[in-house]
Amino acid sequence: MKIESAKQKQASDWRLGIAEKIFNSLMSNAAILMIILLSGIFITLLYSSIPSIKQSGLGFIYGRVWDPVTNQFGGLSFLVGTIITTFLALIISFPFSISLGLILGEYFKKGIVSEIFKNIIELMAGVPSVIYGFGALYFLVPAIRHIETHLGVPAYGVGILTASIVLAIMIVPYWASVAREVINLAPNDLKEASYALGATRFELIRYIILPFTRSGILAGMMLALGRALGETMAVTMVIGNNNVLPKGIFDPSNTMASVIANEFTEATSDLYLSALIEIALLLFVVSLIFNLLGRQIIKRMASR
Amino acid sequence: MIKFFAIAAISMALFSSCGNGGKGGAANGKDSTSSDKELLGAGSTFVYPLCSKLFDAYNQLTGVKVNYQSIGSGGGIKQLQAKTVDFGASDAFMSDDDIKASGADIIQFPVCMGAVVVTYNLDGVAKLKLTPEILSGIFLGNIKKWNDKEIAKANEGVKLPNTDIMVVHRSDGSGTTNIFTDYLSKVSPEWKTKIGVGKSVNWPVGVGGKGNEGVAGQVKQTPGAIGYVELAYAAKNNMAIADLKNASGNFITPSLQSVQSAANIDLPADTRITITNSPAADAYPISGFTWFILYKEQNYGGRSQAKASNVTKMMWWVTHEGQQYNEPLQYAKLSDKATKVVETLLNSVTYGGKPILTNK
């Protein structure tokens, strides 16, 4: 061990102190920058939608008419379209995500099967959304059209159901990864104790693992929800782009993200542009509300 | 660690100064000659196939490069107002409000005509005949089934199925929609009051496809669908096109000839006119111009005389020698009457108050 003189020790302590300070300030600056960016986005959206807010007021949220010719803008159909497709997507993807999470977290924790599944999930998460849109357009839409003809409803093929199915496929990887992580973390001693008491695999999952991982799975759902709320490209290709309030699951509709993607480039009048930005603001606020609600629910679940 | 940051900072400074050096070169006139020969245009997607061919041919002829971005008619107008492009292209002429917003005199002139055709997907129906009443009824949602008596009356002897009419329209704002709704407003008072004219309207029924390709694709894949697309797209995809009854009572098949008939009218001096529902006997009723738009006074934003001259000369070429490329690509040529009006307009484009094209 090198014997340091008192002076050398003082110098190295001083260097450590400086490094400590620089590191601290870098980290806090990065965090503050994120907050500033987020508030900046919110303020910009708010500022640019002022003309539209002045025109429509609170009626924007429950107004059904979206008419660029008479400059009358109401966002209810998009709000409804977004919420229906998002929640339908969550419902459809729930069994698949949980099953994948269980398979990877409980049945096949290691080995070749686990590797294959993990790689497939990561691939699915990495596929660009346009490709999902194209896949849906060429495979899913004709299939749905076939089903609709059999059911006797107008057979467009595109619509809320198609968009929800595509969204469900896209959010499975996110939800499944989070589910897998928490299921993996279920305490081994509890599991071995229940096996010792004669529990079957199913009883183990139902009575030990799932209750334990409830809040984690809900966190996965929040992640999936955030993804589904904002998904633009794949949805706009298969949702049918109809600005009228949807009446059923097979109706074509529009979500907030897809109406912005469709109409933003051609929105020449200032009021039209401002209305579209107000839709973006609405989407921002809705995501915020769902996030906060979700965190409350997770907190409530975890404390039980 | 401090050494690492120092090296990173120095290299970033070096890279950014490289970028600035390039821009600095342009400012001191070294690159000004090359950027004078590079023109920027933006706008209508409808006219993009023609523009591609035209500007490629012009580049080979003169070495002037024209970069055209097909971002949509509305986008073209906006970029011209923002002075980021040299000219805009739009399927709808600039309104008085738009001209006022741009703050200067605007020259707009047509460079080609196109047709908006009604395409449909009906097995076993070789040719569908439509009247204005049927068309507006379908798109308003009043006529819901193919074997409606109105449609049967116009198509005697044709076996129409008892299926729903699946309406397809544009989901994005478009000049094609503008021409189509302009026509419907002229022939249907109900459409005029309920829906109106615009690049984006409040469609009461139907699904939306993105771009001409989206509508064409949706119609092709959905049995019983009806939609509207540009003539070029329908022709390229071998789609069924309906004959439309015009104002004179004749059922017209869309073609370059019938579009040219519709456009054979006296243009006003500023060329701001729509040619839908033309009274001519053999005119196709849903025809429209595409306009090129530029500022009358070209000395703005530090533009050079050379650039202004290149822009104006290119426009002259497009409306004269360049017209030879229109018809092979399914766009109609300008009539002689129209060309005369265009010449007057182009001769009035000035730089610093002096007209640019002097000896033509």
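Domain bounds here come from an automatic or database domain assignment. Keep in mind, too, that you are looking at a predicted model.

**Stop 1: the two parts of chain A**

Select residues 2–48 of chain A and give them one colour: that is domain 1. Then pick 60–303, which is domain 2 of chain A. Put a centroid on the C-alpha atoms of each, and you should get 37 Å between domain 1 and domain 2 of chain A. Next, show the contact: six residues of domain 1 of chain A meet six residues of domain 2 of chain A.

How much area is buried between domain 1 and domain 2 of chain A? About 560 Å², with carbon and sulfur atoms giving 87% of it. To see where the domain 1 share comes from, show A:Phe42, A:Leu45 and A:Ser48 as sticks; they supply 77% of the area that domain 1 of chain A buries against domain 2 of chain A, more than any other three residues. Colour the domain 1 side of this contact by class and you'll find five nonpolar residues, one polar and no charged. Don't hunt for salt bridges between these two domains, as the count is zero. For polar contacts, the count is one residue pair, both at pLDDT 80 or more.

**Stop 2: where chain A meets chain B**

Now bring chain B into view and select the contact between the chains: 28 residues from chain A and 35 residues from chain B. The area buried between chain A and chain B is about 2,400 Å², and carbon and sulfur atoms account for 50% of that. Seven residue pairs are in polar contact across the two chains (both at pLDDT 80 or more), while the salt-bridge count between chain A and chain B is zero.

On the chain A side, click through strand 1 (66–67), helix 6 (129–151), helix 11 (256–263) and helix 12 (270–303); each supplies at least two of the residues that touch chain B. By class, that side of chain A splits into 18 nonpolar, six polar and four charged residues.

**Stop 3: the two parts of chain B**

Hide chain A. In chain B, domain 1 takes two selections, 17–113 plus 288–355, and domain 2 is 116–287. Their C-alpha centres lie 30 Å apart. Where the domains of chain B touch, 29 residues of domain 1 are in contact with 28 residues of domain 2. About 2,300 Å² is buried between them, with 61% from carbon and sulfur atoms.

Which side chains form a salt bridge here? Zoom in on B:Asp96 and B:Arg272, which meet at 3.0 Å, N to O. The rule finds one salt bridge across this domain interface of chain B. Five residue pairs are in polar contact between the two domains of chain B (both at pLDDT 80 or more).

For the domain 1 side, highlight helix 4 (73–81), helix 5 (96–102), strand 4 (106–120), strand 12 (287–295) and helix 14 (336–347) of chain B, each of which supplies at least two residues touching domain 2. That side of domain 1 of chain B has 16 nonpolar, eight polar and five charged residues.

**Stop 4: a pair of rings**

The structure holds 25 aromatic pairs over all chains. For one of them, select B:Tyr48 and B:Tyr68: the pair is stacked, with 6.1 Å centre to centre and 20 degrees between the planes. B:Tyr48 sits in helix 3 (residues 48–62) of chain B and B:Tyr68 in strand 2 (residues 65–69) of chain B, so the pair ties together parts that are 20 residues apart in sequence.

Key
Residues are numbered from 1 along each chain as its sequence is written. Chains are lettered from A and ligands numbered from 1 in the order in which they are written. This is a predicted model: local features need pLDDT of at least 70, side-chain atom pairs count only at pLDDT 80 or more; totals for chains, interfaces and linings use all residues. Side-chain values use heavy atoms; hydrogens and water are left out. Contact means heavy atoms within 4.5 Å. Buried area is the accessible area (1.4 Å probe) that two parts lose on being put together, summed over both. A salt bridge is a side-chain nitrogen of Lys or Arg within 4 Å of a carboxyl oxygen of Asp or Glu. A polar contact is a pair of N or O atoms within 3.5 Å; within protein, one must be able to donate a hydrogen and the other to accept it, and residues adjacent in sequence count only if both atoms are side-chain atoms. Helices (H or I, at least four residues) and strands (E, at least two) are DSSP runs, numbered from the N terminus. Ala, Val, Leu, Ile, Met, Phe, Trp, Tyr, Cys and Pro count as nonpolar, Asp, Glu, Lys and Arg as charged, and the others, Gly among them, as polar. Rings of Phe, Tyr and Trp (its six-membered ring) pair if their centres lie within 6.5 Å; planes under 30 degrees apart count as stacked, over 60 as edge-to-face and the rest as tilted.
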